[in-house]
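Me: I have a model open and want to practise reading it. Can we take its features one at a time?

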Amino acid sequence: MGSRSDWEVMEHAVETLRMLEIPHEVRVLSAHRTPDALESFVEDVEERGAQVFVAAAGGAAHLAGVVASKTLKPVLGVPMGTQLGGLDSLLSTVQMPAGIPVGTLAIGRAGAVNAALLAAEILALHDEEVESRLLRYREEQSQAVLDVGDPSG
């Protein structure tokens, strides 16, 4: 996360990763205020086996792009809501120059949850246990909708 204030949204990504039993780390590092620490963190977690990065930031939202410039691993960007409704964050995250891709999710909570799920899907390409947990999650999601039945009743 680019700021401590992003936690209110990103805790939903962490809850999703925990539910899927996926090891993860959470840090507040700014692309602008702590670039050296950010670069060191990316290098360190890659050496320890990180396979996917989720980067959340608001405003100028350069965090995902800077992380992507330091790794060949997939980087998923979650734009945060801002005084401009998050549109500034969305555009900053999604408009990466050709050659440095960032997968960009929705603004806010939906983006946080979906970033965790997409990270899990990437991991599931080579991990049958993660794939199994994702399938169970999807089945539970389907059942929750079916359990609603007739909402007018």
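Me: Which residues are linked in a network of salt bridges?

Reply: First, the general idea. Side chains of opposite charge can pair when their charged atoms come close. Now the case here, in a predicted model. Glu25, Arg27, Asp44 and Arg48 form a linked network of salt bridges. Across the structure, the count of salt bridges comes to five.

Me: What N to O distance joins glutamate 25 and arginine 48?

Reply: Their side chains meet at 2.5 Å. This pair links distant parts of the chain, 23 residues apart. Glutamate 25 sits in the loop between α1 and α2, and arginine 48 in the loop between α2 and β1. Arginine 48 also meets aspartate 44 in a salt bridge, at 2.8 Å from N to O.

Me: How do I place these residues on the scale from buried to exposed?

Reply: Use relative accessible area; partly exposed runs between the cut-offs of 20% and 50%. Glutamate 25, at 36%, is therefore partly exposed. Arginine 48 has 49%, so it is partly exposed too. Aspartate 44, at 32%, also counts as partly exposed.

Me: Which helices hold glutamate 121 and arginine 138?

Reply: Glutamate 121 is in helix α5 and arginine 138 in helix α6, 17 residues apart. Their side chains form a salt bridge of 2.9 Å, N to O. Glutamate 121 is partly exposed at 33%. Arginine 138 has 52% relative accessibility and counts as exposed.

Me: How should I read a charged residue without a partner? Where is aspartate 6?

Reply: Look for the nearest opposite charge, then for other contacts. Aspartate 6 lies in the segment before α1. It is buried yet has no salt bridge. The nearest side chain of opposite charge is that of arginine 33, 7.3 Å away. A salt bridge needs the charged atoms within 4 Å, so this pair does not qualify. The side chain of aspartate 6 does reach the backbone nitrogen of glycine 2, at 3.3 Å.

Me: Next, backbone angles. Which value does phi take in glutamate 21?

Reply: Look for positive phi in residues other than glycine. In glutamate 21, phi is near 60°. This residue is in the loop between α1 and α2. Its relative accessible area is 52%, so it is exposed.

Me: Is alanine 61 buried or exposed?

Reply: Alanine 61 is buried, at 5% relative accessibility. It lies in the loop between β1 and α3. Its phi is positive as well, about 50°, although it is not a glycine.

Me: Now the pockets. What volume does the largest pocket have?

Reply: Read volume, then lining, then chemistry. The volume of the largest pocket is about 940 Å³. Its lining has 38 residues, with His24, Glu25, Val52, Phe53 and Val54 nearest the centre. Helix α1 gives the largest share, five residues. Elements that supply at least two residues each include α2, β1 and α6. By class, the lining has 27 nonpolar, four polar and seven charged residues.

Me: How many residues line the second largest pocket?

Reply: There are 13, and Gly2, Ser30, His32, Arg33 and Gly58 are the closest to its centre. The space in this pocket is about 160 Å³. Its lining counts five nonpolar, six polar and two charged residues.

Me: One last reading, sequence against space. How far apart are aspartate 88 and leucine 146?

Reply: They are 58 residues apart in sequence and 37 Å apart in space, C-alpha to C-alpha. Aspartate 88 belongs to helix α4, residues 87-94. At 23% relative accessibility, it counts as partly exposed.

Terms used
Residues are numbered from 1 along each chain as its sequence is written. This is a predicted model: local features need pLDDT of at least 70, side-chain atom pairs count only at pLDDT 80 or more; totals for chains, interfaces and linings use all residues. Side-chain values use heavy atoms; hydrogens and water are left out. On a 1 Å grid over the protein atoms alone, a cavity is a set of points where a 1.4 Å probe fits but cannot get out, and a pocket is an open set with protein on both sides within 12 Å along at least five of seven lines; lining residues have an atom within 4 Å of a point. Grid points are joined across faces, edges and corners, and a volume is the space filled by probe spheres set on the points. Helices (H or I, at least four residues) and strands (E, at least two) are DSSP runs, numbered from the N terminus. Ala, Val, Leu, Ile, Met, Phe, Trp, Tyr, Cys and Pro count as nonpolar, Asp, Glu, Lys and Arg as charged, and the others, Gly among them, as polar. Buried means under 20% relative accessible area, exposed over 50%, partly exposed in between (1.4 Å probe, protein chains only). Lys and Arg count as positive and Asp and Glu as negative; His and the chain ends are not counted. A polar contact is a pair of N or O atoms within 3.5 Å; within protein, one must be able to donate a hydrogen and the other to accept it, and residues adjacent in sequence count only if both atoms are side-chain atoms.
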